[in-house]
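Biologist: I am new to this structure. Please pick one place in the chain, look at it closely, and then lead me outward from there.

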Amino acid sequence: MIRKIGIILEMIKFEHTVFALPFAFMGAILGAVAMEQRLPSWEEIGWITLAMFGARSAAMSLNRLIDKTIDLRNPRTEKRALPAGLLKSAEVLFFIIASFVLLIVASANLEPIALKLMPIAVLMLVLYSYTKRFTWLCHLVLGLTIALSPLGGWVAVTGGFNLSAWLLYGTVALWIAGFDIIYATQDYDYDRREGLHSIPARFGIAGALWFARTLHIVTAIGFITLFWLTELSWMYLLGTLISIALLFYQHWLVRPNDLSRVQTAFFGMNGTLSVVLFLFTIVDIVVLRQW
């Protein structure tokens with residue numbers, strides 16, 4: 001049983017929750033301060049954490065289950081748990097159902113609108129895994145789906161939106177879409193051979209990297225604009241500049257003729273970026289402004 005749990009956690013890349021969870025907390029904190037002049041309670045943070053774990057676990061498991069046949073034919077992914085036979089489809093399906101139940105329960109303990117909007121999130125979680133079969137915009141769909149984490153965190157504690165919430169959502173969506181394009185360069189040959197859709201398969205590796213750079217330039221503008229739309233101070237701005245430096249360092253690491261450091265750029269830089277920006281935001285609000 002313990003071995004199975006370990007395989008499942010490896011399958012969903014549990015440690016990569018670091019990409020989205022800091023932004024969920026950031027959305028919750030910025031929303032509570034901007035719209036209700038308070039910090040989220042520890043109870044709210046706890047339920048948001050559980051909702052994030054449920055949503056991400058369901059999304060990753062669905063993706064692995066839906067792409068089982070595709071992964072089996074891809075040399076890069078053929079050793080994943082499902083194609084390698086380490087897990088049965090029924091076991092993964094049970095885990096997906098349990099993850100959605102956790103998401104529902106957690107959402108029910110937050111603002112009522114969180115539960116009402118959950119079907120939209122579930123639809124997007126399911127839809128993403130199919131998009132590579134018919135559109136090279138699949139990376140943007142992934143971004144719009146994962147970026148629900150900060151928007152969901154905002155709504156979960158405030159019950160509403162404002163312009164800053166949508167700006168945070170769009171900025172995180174473009175950040176994720178950009179690094180997913182970089183990650184997809186690894187499957188350029190396979191995607192073209194199998195007729196799968198992606199920006200690297202459609203525009204080539206060099207063209208895809210330019211797409212990613214463009215999206216990340218807009219991402220940088222978005223994070224800086226958030227500074228002007230909110231009451232965040234120089235501390236957040238400093239964290240933003242450091243995060244932007246990390247963002248563009250990953251583009252220096254990956255070249256059209258050298259993709260050997262894609263894993264470093266994808267997992268190292270992006271995980272660090274979200275944590276850095278969150279920590280500087282926390283220091284800004286809690287320490288400097290003493291909320």
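Modeller: Start with Gln37, which sits in the loop between helix 2 and helix 3. Keep in mind that this is a predicted model. The phi angle of Gln37 is near 55°. That is a positive value, and the residue is not a glycine. How far is Gln37 open to the outside? Its relative accessible area is 49%, so Gln37 counts as partly exposed. The label exposed is kept for values over 50%.

Now step back along the chain into helix 2. Helix 2 covers residues 21-36, and Phe25 belongs to it. The model has 11 aromatic pairs. One of them joins Phe25 and Phe278. Their ring centres are 5.9 Å apart, and the planes make an angle of 45°. Stacked pairs have planes under 30 degrees apart and edge-to-face pairs over 60, so this pair is tilted. Phe278 lies in helix 13 (residues 262-288), so the pair ties together parts that are 253 residues apart in sequence. Both Phe25 and Phe278 are buried. Rings also gather elsewhere: Phe23, Trp175, Phe179 and Phe223 are linked by ring pairs into a cluster.

Go forward from the loop instead, into helix 3. Helix 3 spans residues 42-66 and packs on helix 6, residues 112-131. Their axes are 9 Å apart, at an angle of about 30°. Angles under 35 degrees count as roughly parallel, so helix 3 is roughly parallel to helix 6. The two helices make a right-handed crossing. Which residues meet there? Helix 3 brings Ala55, Ala59, Leu62, Asn63 and Ile66. Helix 6 brings Leu125, Val126, Tyr128, Ser129 and Tyr130. By class, this contact has eight nonpolar residues, two polar ones and no charged ones.

Leu65 is in helix 3 too. At 23% relative accessibility, Leu65 is partly exposed, because buried would require under 20%. Setting aside neighbours within four places in sequence, Leu65 contacts Leu82, Ser89, Val92, Leu93 and Ile96. Compare its position with that of Val262: 197 residues separate the two in sequence, and their C-alpha atoms are 25 Å apart.

Next, helix 7 and helix 9. Helix 7 takes in residues 138-146 and helix 9 residues 163-184. They pack with axes 7 Å apart, at an angle of about 135°. That angle does not reach the mark for roughly antiparallel, which is over 145 degrees, so the two helices are oblique to each other. Helix 7 passes helix 9 in a right-handed crossing. On the helix 7 side, the contact is made by His139, Leu140, Leu142, Gly143, Leu144 and Ile146. On the helix 9 side, it is made by Tyr169, Ala173, Leu174, Ile176, Ala177, Asp180, Ile181 and Ala184. Sorted by class, there are 11 nonpolar, two polar and one charged residues in the contact of helix 7 with helix 9.

The last stop is helix 11 and helix 12. They cover residues 199-229 and 234-253. Their axes come within 10 Å and cross at roughly 175°. Helix 11 is therefore roughly antiparallel to helix 12. Helix 11 contributes Leu209, Ala212, Arg213, His216, Ile217, Thr219, Ala220, Phe223, Ile224, Leu226 and Phe227 to the contact. Helix 12 contributes Trp234, Tyr236, Leu237, Thr240, Ile244, Leu247, Phe248, Gln250 and His251. This contact divides into 14 nonpolar, five polar and one charged residues.

Look closer at Thr240, in helix 12. Is Thr240 buried or exposed? Its relative accessible area is 1%, so Thr240 is buried. Beyond its neighbours within four places in sequence, Thr240 is in contact with Phe223, Ile224 and Leu277. Phe223 has appeared before, in the ring cluster.

Ser243 lies in helix 12 as well. Ser243 has a relative accessible area of 2% and is buried. Not counting residues up to four places away in sequence, Ser243 touches Leu273, Val276 and Leu277. Leu277 is thus named among the contacts of Ser243 and among those of Thr240.

How values were computed. Residues are numbered from 1 along each chain as its sequence is written. This is a predicted model: local features need pLDDT of at least 70, side-chain atom pairs count only at pLDDT 80 or more; totals for chains, interfaces and linings use all residues. Side-chain values use heavy atoms; hydrogens and water are left out. Axes are lines fitted to C-alpha atoms, for helices over the stretch in contact, and angles run from 0 to 180 degrees between N-to-C directions. Helices (H or I, at least four residues) and strands (E, at least two) are DSSP runs, numbered from the N terminus. Angles under 35 degrees count as roughly parallel, over 145 as roughly antiparallel, 65 to 115 as roughly perpendicular and the rest as oblique. A crossing is left-handed if the near helix is turned anticlockwise from the far one by less than a right angle, and right-handed if clockwise. Contact means heavy atoms within 4.5 Å. Ala, Val, Leu, Ile, Met, Phe, Trp, Tyr, Cys and Pro count as nonpolar, Asp, Glu, Lys and Arg as charged, and the others, Gly among them, as polar. Rings of Phe, Tyr and Trp (its six-membered ring) pair if their centres lie within 6.5 Å; planes under 30 degrees apart count as stacked, over 60 as edge-to-face and the rest as tilted. Buried means under 20% relative accessible area, exposed over 50%, partly exposed in between (1.4 Å probe, protein chains only).
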